[in-house]
Amino acid sequence: MPGDLIVLHHEDRLRQSLTALGTHRLTSKDVAVQLGWTRHETPFEKLDPFAQGMAAMETKAHLDLLVARGQAGRDASGEAVEYWAITD
């Protein structure tokens, strides 16, 4: 993927992740389950366990960037890290 396409892909994934958060407090796995994976948009539940873990971690990275941009909040005080969308 040329550089510009990678940037576009990640910006699209950030938008999808933010949309998936909606008005809920969700974990990165909760968000990953709502997204399509691989270039074929494979559902999360059809991925093998290793790929599911990688998908959840990639989603966490996107959610953490949304937090850094001020578009999402993050709470790590419970058993799982939860994220939520920040709306104006």
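## A salt bridge within helix α3

Asp-64 and Lys-60 form a salt bridge in this predicted model, and their closest N and O atoms are 2.7 Å apart. Both residues sit in helix α3, with their positions 4 residues apart in the sequence, or about one turn of the helix. If you are wondering how such a pair comes about, side chains of opposite charge can pair when their charged atoms come close.

Are Asp-64 and Lys-60 buried or exposed? Asp-64 is partly exposed, with a relative accessibility of 26%. Lys-60 is also partly exposed, at 25% relative accessible area.

## The Arg-25 network

The count for the structure comes to 6 salt bridges. Some of them join up: Arg-25, Asp-75 and Glu-82 are linked in a network of salt bridges. Take the pair of Asp-75 and Arg-25, where the closest N and O atoms are 2.7 Å apart. Asp-75 belongs to strand β3 (residues 72-75) and Arg-25 to the loop between α1 and α2 (28-34), so this salt bridge ties together parts of the chain that are 50 residues apart in sequence.

Arg-25 also forms a salt bridge with Glu-82, and here the closest N and O atoms are 3.2 Å apart. This pair too links distant parts of the chain, from Arg-25 in the loop between α1 and α2 to Glu-82 in strand β4 (residues 82-85), 57 residues apart. How exposed are the members of the network? Each has a relative accessible area in the partly exposed class: 41% for Arg-25, 23% for Asp-75 and 28% for Glu-82.

## The largest pocket

How much space lies in the largest pocket? The answer is about 290 Å³. Its lining is made up of 13 residues, and the closest to the pocket centre are His-9, Arg-13, Thr-38, Arg-39 and Glu-41. Two elements, α1 (3-21) and α3 (49-68), each give two or more residues to this lining. The largest share comes from α1, with 4 residues.

Which classes of residue make up the lining of the largest pocket? There are 5 nonpolar, 3 polar and 5 charged residues.

## Thr-38 and Glu-41 in the β1–β2 loop

Two of the residues named among the closest to the pocket centre, Thr-38 and Glu-41, deserve a look at their backbone. Most residues other than glycine have a negative phi. Thr-38, however, has a positive phi, near 65°. Glu-41 is not a glycine either, yet its phi is positive at about 55°.

Where do these residues lie? Thr-38 is placed in the loop between β1 (36-37) and β2 (42-43), and Glu-41 is found in the loop between β1 and β2 as well. Thr-38 counts as partly exposed, with 48% relative accessibility. Glu-41 is likewise partly exposed, and its relative accessibility is 48%.

## Arg-13, Trp-37 and Gly-36

Arg-13, another of the residues closest to the pocket centre, lies over the face of Trp-37. The distance from the ring centre is 4.4 Å. As for pairs of aromatic rings, a search of the whole structure finds 0.

Gly-36 offers a second way to place Arg-13. Gly-36 and Arg-13 are 23 residues apart in sequence, and their C-alpha atoms are 9.8 Å apart in space. Gly-36 is in strand β1 and counts as buried, at 14% relative accessibility.

## A buried alanine in helix α2

What is the relative accessible area of Ala-32? The value is 0%, so Ala-32 is buried. Ala-32 is found in helix α2. From Ala-32 to Ala-56 the C-alpha to C-alpha distance is 5.5 Å, although the two residues are 24 residues apart in sequence.

Technical notes. Residues numbered from 1 in each chain as written. Predicted model: local features only at pLDDT ≥ 70, side-chain atom pairs only at ≥ 80, totals over all residues. Heavy atoms only, no water. 1 Å grid on protein atoms, 1.4 Å probe; cavity = no way out; pocket = protein on both sides within 12 Å on 5 of 7 lines; lining within 4 Å. Points joined across faces, edges and corners; volume = space filled by probe spheres on them. Nonpolar A, V, L, I, M, F, W, Y, C, P; charged D, E, K, R; others polar. Phe/Tyr/Trp six-rings, centres within 6.5 Å; stacked < 30°, edge-to-face > 60°. Lys NZ or Arg CZ within 6 Å of the ring centre and 35° of its normal. Salt bridge = Lys/Arg side-chain N within 4 Å of Asp/Glu carboxyl O. Buried < 20%, exposed > 50% of the residue type's maximum accessible area, 1.4 Å probe, protein only.
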